[in-house]
Amino acid sequence: MLKFTAEHEWLKLEDGLATVGITTHAAEQLGDLVFVELPEVGAELVKDGNAATVESVKAASDVYSPLDGEVTEVNQAIVDDPSLVNSDPQAAGWFFKLKLKNVADADALMDEAAYKELIG
Amino acid sequence: MDDHSVLKTTTLNALHLSLGAKMVPFAGYDMPVQYPLGVMKEHLHTRAAAGLFDVSHMGQVIVRAKSGDYADAALALEKLVPVDILSLKEGRQRYGFFTDDNGCILDDLMITNRGDHLLVVVNAACKDADLAHMKAHLPDCEVTLLDDRALIALQGPRAEAVLTELWAGVSSMKFMDVREVPLHDVACIISRSGYSGEDGFEISIPQDHAVSVAKALLEHPDCEAIGLGARDSLRLEAGLCLYGNDIDTTTSPIEASLEWALQKARKAGGDREGGFPGADRILGELADGTSRRRVGLKPEGKAPVRSHAKLFADADGLQELGEVTSGTFGPTVEGPVAMGYVPVSHAAAGTQVFAEVRGKYLPMTVAALPFITPTYKR
């Protein structure tokens with residue numbers, strides 16, 4: 001199941017585990033990324049709290065946690081090569097995996113059709 | 001300035017939009033921050049080939065002595081800038097800055113001897129204040145804003161080849177030369193200078209012909225339109241100051257490491273020593289030094305360190321040194337680059353300092369400027 005947030009993150013949900021990244025739209029808006037900072041494995045994230053930082057040539061931007069949960073894995077590949085987020089934001093450019101505190105909370109997030117309507 | 005409806009536009013505004021530019025408010029103007037190529041590729045393209053920048057928002061101002069004599073205009077302007085303008089030869093340009101009574105910097109500018117008058121180019125954000133300043137202090141000169149001319153910068157190793165298509169004589173110009181030449185039968189004023197660290201030109205064009213000249217230059221396969229985003233990363237790699245970030249009314253030229261812009265004639269023992277606002281402080285600092293200096297800063301890691309990041313002597317953030325005034329990712333350097341102010345005790349190249357970024361103290365090394373090797377055609 002694929003879900004989206006108004007902060008332009010996507011979540012792929014499998015067995016209470018959410019793989020999180022930023023949307024193609026967000027990656028296009030940010031431009032070429034040159035730096036990515038990810039949370040620590042084991043970090044407890046809260047919904048809408050800072051989870052990661054991305055930087056383009058021009059500016060730094062925060063990436064927020066879409067839900068409450070614990071980070072179980074991070075994608076070192078995008079730290080080593082931030083351009084992966086631009087070239088493949090919704091697959092190889094994932095950010096981190098989150099073990100959700102309340103799986104049902106994901107139901108309140110947008111589906112793909114609703115997200116597409118949001119970004120026009 | 002958030003309200004786009006009050007923003008001014010340059011003559012090239014419609015051209016930017018037709019090229020797909022992302023527009024942002026800058027110094028009261030609606031300006032292109034990037035084109036579809038993106039900041040990274042625009043930066044690299046400028047260093048590899050040629051980039052065209054709209055800098056029409058800057059102020060082009062004529063200073064003409066009522067006597068009609070260049071020397072009178074030069075001596076008048078020397079009352080406001082610590083630069084030797086009198087000995088500037090016709091068709092030559094020089095960098096300078098307006099100083100205030102505290103010996104700090106009101107704006108930086110380019111000054112050209114145009115034979116019987118001076119042409120000065122000032123920053124967009126300071127344009128109105130600079131005009132008022134000159135009008136108030138130069139009673140024997142006519143000070144005229146050329147608001148009917150556009151200004152285009154053409155920068156990069158292929159800039160000469162691109163401009164040659166419109167004017168074959170371009171190769172005879174050297175760095176800081178200024179010539180008036182016809183491009184497409186339009187009288188343009190061309191200087192061989194810029195703000196990227198590359199060889200290049202700035203071209204002043206009568207407004208009605210600016211779009212056709214810009215389009216003619218962009219027709220060359222080596223020439224791409226470049227936005228303000230890449231303009232900033234290019235100038236920072238080149239170690240050039242941005243007024244409002246790296247220099248302002250809290251920094252003296254000597255603190256800003258700009259003493260190279262003061263010629264002998266205006267320094268102690270020179271023919272026209274002092275005689276500009278804040279001369280006591282500035283000449284005193286030239287003799288005795290300053291307590292802090294603007295330096296290049298190279299972050300040791302991959303994270304960019306942006307302006308206003310605080311600088312410390314230690315990794316625990318105990319001894320504060322100063323702050324970063326400009327910082328970004330340098331596409332040519334392939335890593336973060338920055339500039340900032342530190343006490344002279346920490347200003348030597350190779351000194352390690354620490355910048356506070358998101359609660360961490362990131363190591364940086366004081367580095368010689370510029371970060372790239374400029375390719376000015378001297």
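The paragraphs below lead through parts of chain B in this predicted model, and then turn to where chain B touches chain A.

Residues are numbered from 1 along each chain as its sequence is written, while chains are lettered from A, and ligands numbered from 1, in the order in which they are written. As the model is predicted, local features need pLDDT of at least 70 and side-chain atom pairs count only at pLDDT 80 or more, whereas totals for chains, interfaces and linings use all residues.

We can begin with an open sheet of chain B, whose 6 strands follow the order β10-β11-β12-β9-β3-β13 with mixed pairing; strands (E, at least two residues) and helices (H or I, at least four residues) are DSSP runs numbered from the N terminus, and two strands pair if DSSP finds at least two bridges between them. At the edges stand β10 (178–183) and β13 (223–225) of chain B, each with a single partner strand, so one side of each has no neighbour in the sheet. From one strand to the next the twist averages 30°, where axes are lines fitted to C-alpha atoms, for helices over the stretch in contact, and angles run from 0 to 180 degrees between N-to-C directions. The edge strand β10(B) runs antiparallel to β11 (residues 186–191) of chain B, joined by 6 bridges, and one of the pairs is B:Val178 with B:Ser191.

A second group of strands centres on β16(B), in which 8 of the 11 residues are buried, so the rest of the structure largely encloses it; a residue is buried if 20 or more other C-beta atoms, placed from the backbone, lie within 10 Å of its own, exposed if 12 or fewer, and partly exposed in between. Strand β15 (residues 310–312) of chain B joins β16(B) in an antiparallel manner through 3 bridges, while β16(B) and β17(B) pair, also antiparallel, over 6 bridges. These two strands, β16(B) and β17(B), form a hairpin with 4 residues between them, and B:Glu334 in the turn has a positive phi of about 60°.

Helix α7 (residues 228–237) of chain B is likewise largely enclosed by the rest of the structure, because 9 of its 10 residues are buried. Its cover includes β16 (320–330) and β17 (335–343) of chain B.

Finally, the contact between the chains takes 14 residues from chain B and 11 residues from chain A, two residues being in contact if their C-beta atoms, placed from the backbone, lie within 7 Å. On the side of chain B, α2, α7 and β16 each supply at least two residues.
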